[in-house]
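Here's a quick briefing to keep beside the viewer while you click around. Have the sequence open too.

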Amino acid sequence: YSIQYLNTKPHFKGSNSSSTYSSISKVGQKFQINVFPHKKLLLSANLSHEKSYSTNDYPSTFFMDLILQYKLKRFDFSINWNNIFDAKDYVIAYYGEFMSSINSYELRPSNVILYVRFSL
């Protein structure tokens with residue numbers, strides 16, 4: 001488990017009006033658990049939550065992925081279920097030294113992918 005908190009408050013030298021640029025706070029949490037029910041079998045769950053706070057009401061985003069992996073000699077079989085909660089978009093707000101930006105990304109819907117890896 002990990003948690004991160006970030007607070008950004010822009011201040012421009014010589015400017016008395018900082019109300020034009022409000023502060024942005026961001027909380028990010030990540031949780032990962034790996035379970036080995038058998039020496040060749042792995043079950044992994046990843047959960048993350050991100051929320052930005054400012055004068056705009058940015059949505060809270062939850063992501064969850066499940067991975068089931070099985071190793072058989074030279075082969076590695078994996079079934080990944082990505083974006084289980086079917087999050088539609090992801091919004092990032094940022095203030096930098098010379099710019100501010102708000103980016104919104106449209107995400108791929110929930111999906112299941114089968115991987116087969118092997119060594120020669």
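What follows covers the sheet, its strand pairings and the salt bridges.

Bear in mind that this is a predicted model. The main feature covered here is an open sheet of six strands, ordered β1-β2-β3-β4-β5-β8 and paired antiparallel. A search of the whole structure also turns up two salt bridges.

**The sheet as a whole**

- If you walk across the open sheet, you go β1-β2-β3-β4-β5-β8, with antiparallel pairing.
- The edges belong to β1 (2-8) and β8 (111-118); each has a single partner strand, so one side of each has no neighbour in the sheet.
- On average, neighbouring strands of this sheet are turned by 15° against each other, ignoring direction.

**β3 against β4**

- β3 (residues 41-53) and β4 (residues 61-72) run antiparallel and are joined by ten bridges.
- For a handy landmark in this pairing, look at L47, whose bridge partner in β4 is M64.

**β4 against β5, and the turn between them**

- Seven bridges hold β4 to β5 (residues 75-82), again running antiparallel.
- Two spots to check on this pairing: I67 sits opposite N80 in β5, and Q69 has S78 as its bridge partner.
- The hairpin of β4 and β5 has two residues between the strands, and K73 takes a positive phi near 50° there.

**β5: its two faces and its other neighbour**

- β5 has a covered face made up of D76, S78, N80 and N82.
- Its uncovered face carries F75, F77, I79 and W81, so if you expected the aromatics on the covered side, take a second look.
- On the β8 side, β5 is joined by eight bridges, and the two strands run antiparallel.
- In that pairing, N82 stands opposite N111 in β8.

**Salt bridge one: E50 and K26**

- E50 and K26 form a salt bridge, with their closest N and O atoms 3.4 Å apart.
- This pair links distant parts of the chain: E50 is in β3 and K26 is in β2 (residues 24-38), 24 residues apart.
- Is E50 buried or exposed? E50 is buried, because its relative accessible area is 16% and the cut-off for buried is under 20%.
- K26 counts as partly exposed, with a relative accessible area of 26%.

**Salt bridge two: K88 and D86**

- The side chains of K88 and D86 meet at 2.8 Å, N to O.
- K88 is exposed, as its relative accessible area is 54% and exposed means over 50%.
- D86 is partly exposed, at 27% relative accessible area.

Terms used:
Residues are numbered from 1 along each chain as its sequence is written. This is a predicted model: local features need pLDDT of at least 70, side-chain atom pairs count only at pLDDT 80 or more; totals for chains, interfaces and linings use all residues. Side-chain values use heavy atoms; hydrogens and water are left out. A salt bridge is a side-chain nitrogen of Lys or Arg within 4 Å of a carboxyl oxygen of Asp or Glu. Helices (H or I, at least four residues) and strands (E, at least two) are DSSP runs, numbered from the N terminus. Buried means under 20% relative accessible area, exposed over 50%, partly exposed in between (1.4 Å probe, protein chains only). Two strands pair if DSSP finds at least two bridges between them. Axes are lines fitted to C-alpha atoms, for helices over the stretch in contact, and angles run from 0 to 180 degrees between N-to-C directions.
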